[in-house]
Amino acid sequence: MNSQYTLYGSPASLYTGKVRAYLNYKRVPFTETLSSLGVYKKIIIPKTGVRFIPVVQTPEKEFLQDSTHIIDSLEARFPQRPVYPDTPKQKLVALLLELYGDEWLRIPAMHYRWNFPEDNLSFILHEFGSSVMPKAPRFVQRWLGQKVVNKFSGYVAPLGINKDTIPAIEAWYEELLGLLNTHFKQHDFLLGSCPSIGDYGLMGPLYAHLYRDPYPGKLMKKIAPEVAKWVERMNDSGAIEGSFLSGDKVPETLEPILERMFCEYWPVLEKVTSAVSQWIEKNPNGHEIPRMIGMHSFSLGDANSEQMTLPYSQWMLQRVLDHYQQLTVDQKPAVDEFLEKLDAGQVMDIQLRHRLARKNNLLVAS
């Protein structure tokens with residue numbers, strides 16, 4: 001039997017960057033195929049029922065969709081070199097930072113991609129156009145690229161990226177780069193000398209948008225060269241032989257990142273879970289849950305605005321809460337002490353009236 005996997009994705013795709021780096025580290029034998037218009041019509045849509053990349057095809061002709069689901073499925077098949085720490089604090093931090101990267105760092109990723117057209121637009125037009133129709137003439141690719149640009153740039157405002165929030169977004173992002181730069185001076189990856197699921201959560205936005213796109217790429221290399229080196233390590237990690245820090249140690253350099261996450265993003269997650277519960281109670285017959293269900297307020301630094309409510313964030317949050325709730329009586333005190341240190345002693349108390357599950361690549365009430 002052919003043992004080769006196929007990754008369907010795009011260089012400009014945030015979550016493709018996450019999965020590609022994972023496949024390289026795990027030494028999964030794979031080839032990569034652009035998610036062209038033909039691939040969407042012939043493979044991605046009919047095989048997954050949705051229109052999202054990345055998709056991984058297994059040698060058994062299974063089609064895995066969603067970056068986290070892909071990673072979890074392949075961890076079971078390739079248990080060597082695990083990306084989930086097996087100690088309680090480190091696993092909690094890894095899951096938190098995957099959630100943070102996947103769901104919250106979308107904001108600076110989208111801002112820096114779409115709000116600097118003089119630097120980025122020509123590059124992005126080519127990236128999208130050549131992915132949609134790789135063999136088309138360049139002028140056709142640019143025309144196709146513009147159609148894709150019109151679609152994806154339309155998510156900027158619903159994410160709460162506007163004149164009121166942009167200064168706060170840029171201040172937050174540059175602060176984050178500085179904190180990560182300090183961390184990566186001391187550690188190759190978040191939790192030691194090998195990558196964790198948290199590294200892959202950060203990798204999506206920090207690579208596909210914020211390293212590859214011209215304007216933010218220059219910014220990262222200028223003010224956070226160690227972060228740029230980490231991105232490069234993540235993409236070339238197949239030869240790495242490392243380990244997580246001993247003794248369930250979490251580096252202090254990650255603490256300010258987690259503190260800000262709890263301060264600004266946790267209130268958003270509470271609003272998301274409340275909105276999800278209300279939606280399910282109004283639609284009790286097992287309907288697919290939309291990818292967006294209204295708007296909610298949020299704060300970033302001194303800025304206040306509104307953004308779309310994304311139920312998928314709850315599905316990611318459930319992974320964090322499940323880990324915490326499954327801790328043994330011997331493990332829990334050290335984790336609680338760690339959370340108290342971050343002034344986050346109550347964050348795991350979020351009550352979910354309704355849980356979410358993925359069914360046929362769609363979100364449903366479980």
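**Exercise 1.** Is Asp 164 buried, partly exposed or exposed?

*Solution.* We are working with a predicted model. Start with the relative accessibility of Asp 164, which is 47%. Next, recall the cut-offs: buried is under 20% and exposed is over 50%, with partly exposed in between. Asp 164 therefore counts as partly exposed. Now turn to its salt-bridge partner: Asp 164 pairs with Lys 163, with the closest N and O atoms 3.4 Å apart. Lys 163 counts as exposed because its relative accessibility is 70%.

**Exercise 2.** Find the salt-bridge partner of Arg 260 and work out which helices the pair ties together.

*Solution.* Step one is the partner: Arg 260 forms a salt bridge with Glu 175, and their closest N and O atoms are 3.1 Å apart. Step two is to place both residues: Arg 260 lies in helix α12 (residues 255–282) and Glu 175 in helix α8 (residues 166–186), so the bridge ties together parts that are 85 residues apart in sequence. Step three is exposure. Arg 260 has a relative accessible area of 17% and is buried, whereas Glu 175, at 36%, is partly exposed.

**Exercise 3.** Follow the salt bridge of Glu 98 into the network that it belongs to.

*Solution.* Begin with the pair itself: Glu 98 bridges to Arg 319, the closest N and O atoms being 3.1 Å apart. The two residues are 221 residues apart, with Glu 98 in helix α4 and Arg 319 in helix α13. Both Glu 98 and Arg 319 are buried. Then widen the view: through shared partners, salt bridges join Lys 18, Asp 72, Glu 98, Asp 102 and Arg 319 into one network. For the model, the count comes to 22 salt bridges.

**Exercise 4.** Describe the second largest pocket and say which element gives the most to its lining.

*Solution.* Take the volume first: it is about 170 Å³. Then go through the lining, which includes Tyr 84, Lys 91, Trp 315, Arg 319 and Arg 355. Two or more lining residues come from each of α4 and α13 (312–325). Of the elements, α13 gives the most, with 5 residues. Last, sort the lining by character: 4 residues are nonpolar, 4 polar and 4 charged.

**Exercise 5.** Do likewise for the largest pocket, starting from its volume.

*Solution.* The volume is about 1700 Å³. Among the 50 lining residues, Arg 51, Phe 52, Ile 53, Phe 152 and Arg 291 are the closest to the centre. Elements that give two or more residues include α1 (14–26), α7 (138–152) and β8 (362–365). The lining divides into 29 nonpolar, 10 polar and 11 charged residues.

Notes
Residues numbered from 1 in each chain as written. Predicted model: local features only at pLDDT ≥ 70, side-chain atom pairs only at ≥ 80, totals over all residues. Heavy atoms only, no water. 1 Å grid on protein atoms, 1.4 Å probe; cavity = no way out; pocket = protein on both sides within 12 Å on 5 of 7 lines; lining within 4 Å. Points joined across faces, edges and corners; volume = space filled by probe spheres on them. Helix = DSSP H or I, 4+ residues; strand = E, 2+ residues; numbered from the N terminus. Nonpolar A, V, L, I, M, F, W, Y, C, P; charged D, E, K, R; others polar. Salt bridge = Lys/Arg side-chain N within 4 Å of Asp/Glu carboxyl O. Buried < 20%, exposed > 50% of the residue type's maximum accessible area, 1.4 Å probe, protein only.
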